[in-house]
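Trainee: I should be grateful for a close look at one part of this structure, a single helix and its surroundings. Please set that part in the context of the chains, and then turn to the individual residues that deserve attention.

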Amino acid sequence: MSDSKFQNDVPLDIARWGMPSRLDVTIKKDTDDLFEDSKMLVNIGPTHPAMHGAFRCMAKLNGEVIEKSYCEFGYTHRAKEKLGENRTYHQFVVYTDRLNYCSALINNVTYAMSVERMMGIEVPERTIWIRMICAEISRVIDHLICVGINAVDLGAFSYFTYGYQQRERAYTLIEKLCGARLTTSYTRIGGLMSDAPEGWEKEVKDWVKETRAVLAEMDKLLTENRIWLNRTKDVAVFNKEQCLQYGFTGPNARAAGINIDLRRDQPCMFYDKVDFEVPVAQVGDVFDRYYVRLEEIKQSLNIITQCADRMKPGPIWSEDKRTRIPDKDVVYNTMEGLIHHFKFFMNGFNVPKGEAYTAFEAANGELGFYIVSKGGPMAHRMRIRSPSFWHYQGLDPMIKGEYIGDLVAALGSINVIAGELDR
Amino acid sequence: MDIRKPVATIYGYFQDKFSPTWNEQILKLRESYGEAIELVVMPMESNIDMPTLTVKKEKIHEFLSDLKNNYQYSFLTDFTATDEKDDEEFEKTNHRFQLVFHLFNTETKARIRVKVKLSENESIATFIDLWIGANWAEREIFDMFGIQFEGHPDLRRILMDMRWEGHPLRKDYPLRGYQIFLTPEPLDPELLK
């Protein structure tokens, strides 16, 4: 392996931020490795606490340095794409929760959006604001988990507990919306499962205020910690060109300087009506991926406040009758309602012939649903473009030439979620 | 009802913004490729979201590298396949599978879809020379549909067990086609050489 990236004349901080940071960080590679020529195979996973799910990494080590590795996965494969072809569009909503289970609501929202788009359904304004808040709360949860677990893997446990508390409170907010904490299934095609309860906006705003304070504390606790910087800076670098080649999206790509955020560049819902910034770093190492996520949480909190301010009471269901689930009092008290209910849940609704690829900036990157419809209540092809699949592919080249201890840091920083990876 | 309505902007869809460039690019592509482009479906004509070009198999590599290098569609968003076994055209043309590329222009943020038709036992040269990231996507397509990619360095199953028989996303594979293995998947030591 070459040490060229550590012998750069420009100090790392200046290369990254354009200015010197408050700490002088120099990284030295250990040149007196006693086990230089001893080759060794190390198997991590499929069930290993540092692997964040069931996947496996075999590494061939030279001393402590990874010479070659390959990744195996598929242990949580649940045939979602096959199920998408054999379930009605309404029935598929529950399967989307189990994609990225750290941010189930984003998957729900994206799926609902992609089917509505194929049917040409317009959802009311209130629904869109609620969906945006849901997506951003999920993003905050996902990023808190990612940076928290990444820190736990590298030994900073208390940092994780700060984030975890806010995550629990966020789940309580979600619970008030739909009764579930993790597998939400909150959206419906053309609407939502239920309206937000009264005073929910205010609770969200309180939570945002708390989270901002906690985030400042977290930032102080870890970001300039010397051990943390030594473990993360210039570790597992994945540069811009590699990111483009490997199909990296989301925070992982933005950490390497790819300035793309689908919320800004291809605004769906009302993202063009809210103000937010897209944090972009330059180097693409573990620290950048961590810091981009931390900054993104702040931007998400800004978006949540703006959405909560603009939310007004109103209907949550689209006026389109095709996808409207009949109200329960109609179902229980009238025969027509009961028939309608039965037909809706047994036969589903028809989506016109066509095909569409709908992408949304999920917490990990671009989550896309490519739906091919040939008419009828079930899709002809339900392709899920999950960001983790493309990110996990980049792990092998990313950890090549790094220490075995940094594998855990690299894996935690790209935030691969097994549910989304295997589908 | 179709997706051309202005409501589509809620779903991040900017057909009006991109259609002049799309028209221009497709005109240019048609000039240089002529017959090799079998079919062009524009979003204005049909219920789809972006221009879909079906290209002949012989020209597809050249076509995609042209799109990548000269038209800035440099980002491979998604690479997948569909099984058209139940389609009416299948009986006429015997083209069972379609490979579907979703390309993304990182400068203008436009998207384009490219398709190649393949018959059942036909193989196609790998696309790794264009995008390294196509590696696993091709493995997944091989796993799910059984399409062979020539020149792929490591064409193994990716999601299913190595000992699995059949290709699950084919339309003739049953939904509950369980196969149960009592021992864990064997590991190939050759992979680390």
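Mentor: In chain B, 57% of the 193 residues count as buried. The model is a predicted one, and that should be kept in mind for everything that follows. Chain B contains 4 helices and 7 strands, which follow one another along the sequence in the order α-β-β-α-β-α-β-β-β-α-β. When the contacts in chain B between residues at least 6 apart in sequence are considered, 54% of them join residues at least 24 apart. The surface that chain B exposes is about 9000 Å², with 50% of it supplied by carbon and sulfur atoms.

The helix for the close look belongs to chain A, so a word on that chain comes first. Chain A has 423 residues, 62% of them buried, and its secondary structure consists of 18 helices and 8 strands. Among its contacts with a separation of 6 or more, residues 24 or more positions apart account for 71%. Its accessible surface comes to about 16000 Å², and carbon and sulfur atoms hold 54% of that area.

The part I propose to examine is helix H5 of chain A, which spans residues 125–153. One of its partners is helix H12 of chain A, residues 286–310, whose axis lies 9 Å from that of H5(A). The two pack at an angle of about 155°; angles over 145 degrees count as roughly antiparallel, and H5(A) and H12(A) are therefore described as roughly antiparallel to each other. Their crossing is left-handed. Sorted by class, the residues in this contact are 17 nonpolar, 3 polar and 5 charged.

Another partner of H5(A) is helix H4 of chain A, residues 104–119. Here the axes come within 8 Å and cross at roughly 140°, which makes H4(A) oblique to H5(A). This crossing is left-handed. From H4(A), the contact draws on A:Leu105, A:Ile106, A:Val109, A:Ala112, A:Met113 and A:Glu116; from H5(A), it draws on A:Arg131, A:Cys134, A:Ala135, A:Ser138 and A:Arg139. By class, these residues are 7 nonpolar, 1 polar and 3 charged.

Within H5(A), A:Arg126 merits a separate remark. Its relative accessibility is 8%, so A:Arg126 counts as buried. Apart from neighbours within four places in sequence, A:Arg126 is in contact with A:Asp195 and A:Ala196, and also with the run of A:Met311, A:Lys312, A:Pro313, A:Gly314, A:Pro315 and A:Ile316.

A:Trp200 also reaches this region, although its own place is in helix H7 of chain A, residues 200–223. Leaving aside neighbours within four places in sequence, the contacts of A:Trp200 are A:Ile133, A:Ile137, A:Leu173, A:Lys176, A:Leu177 and A:Met311. A:Met311 is thus a contact of A:Trp200 and likewise a contact of A:Arg126. Because its relative accessibility is 0%, A:Trp200 counts as buried. One of its contacts, A:Leu173, is 27 residues away along the chain, yet the two C-alpha atoms are separated by 7.8 Å.

Beyond H12(A), the chain continues into a loop that leads to helix H13, residues 328–333, and A:Pro326 is found in that loop. With a relative accessible area of 8%, A:Pro326 is buried. Not counting residues up to four places away in sequence, A:Pro326 touches A:Val331, A:Gly337, A:His340 and A:His341. Its C-alpha atom and that of A:Leu338, 12 residues apart along the chain, are separated by 8.5 Å.

Two residues outside this region should be noted for their backbone. Most residues other than glycine have a negative phi. A:Ala79 is not a glycine, yet its phi is positive, at about 60°. A:Ala79 sits in the loop between strand S3 (65–72) and helix H2 (80–86) of chain A, and its relative accessible area of 28% makes A:Ala79 partly exposed. In chain B, B:Lys109 has a positive phi near 65°. B:Lys109 belongs to the loop that joins strand S4 (95–104) to strand S5 (111–119) of chain B. With a relative accessibility of 13%, B:Lys109 counts as buried, whereas A:Ala79 is partly exposed.

Terms used: Residues are numbered from 1 along each chain as its sequence is written. Chains are lettered from A and ligands numbered from 1 in the order in which they are written. This is a predicted model: local features need pLDDT of at least 70, side-chain atom pairs count only at pLDDT 80 or more; totals for chains, interfaces and linings use all residues. Side-chain values use heavy atoms; hydrogens and water are left out. Buried means under 20% relative accessible area, exposed over 50%, partly exposed in between (1.4 Å probe, protein chains only). Contact means heavy atoms within 4.5 Å. Accessible areas come from the Shrake-Rupley method with a 1.4 Å probe; for residues, only the protein chains shown count as cover. Axes are lines fitted to C-alpha atoms, for helices over the stretch in contact, and angles run from 0 to 180 degrees between N-to-C directions. Angles under 35 degrees count as roughly parallel, over 145 as roughly antiparallel, 65 to 115 as roughly perpendicular and the rest as oblique. A crossing is left-handed if the near helix is turned anticlockwise from the far one by less than a right angle, and right-handed if clockwise. Ala, Val, Leu, Ile, Met, Phe, Trp, Tyr, Cys and Pro count as nonpolar, Asp, Glu, Lys and Arg as charged, and the others, Gly among them, as polar.
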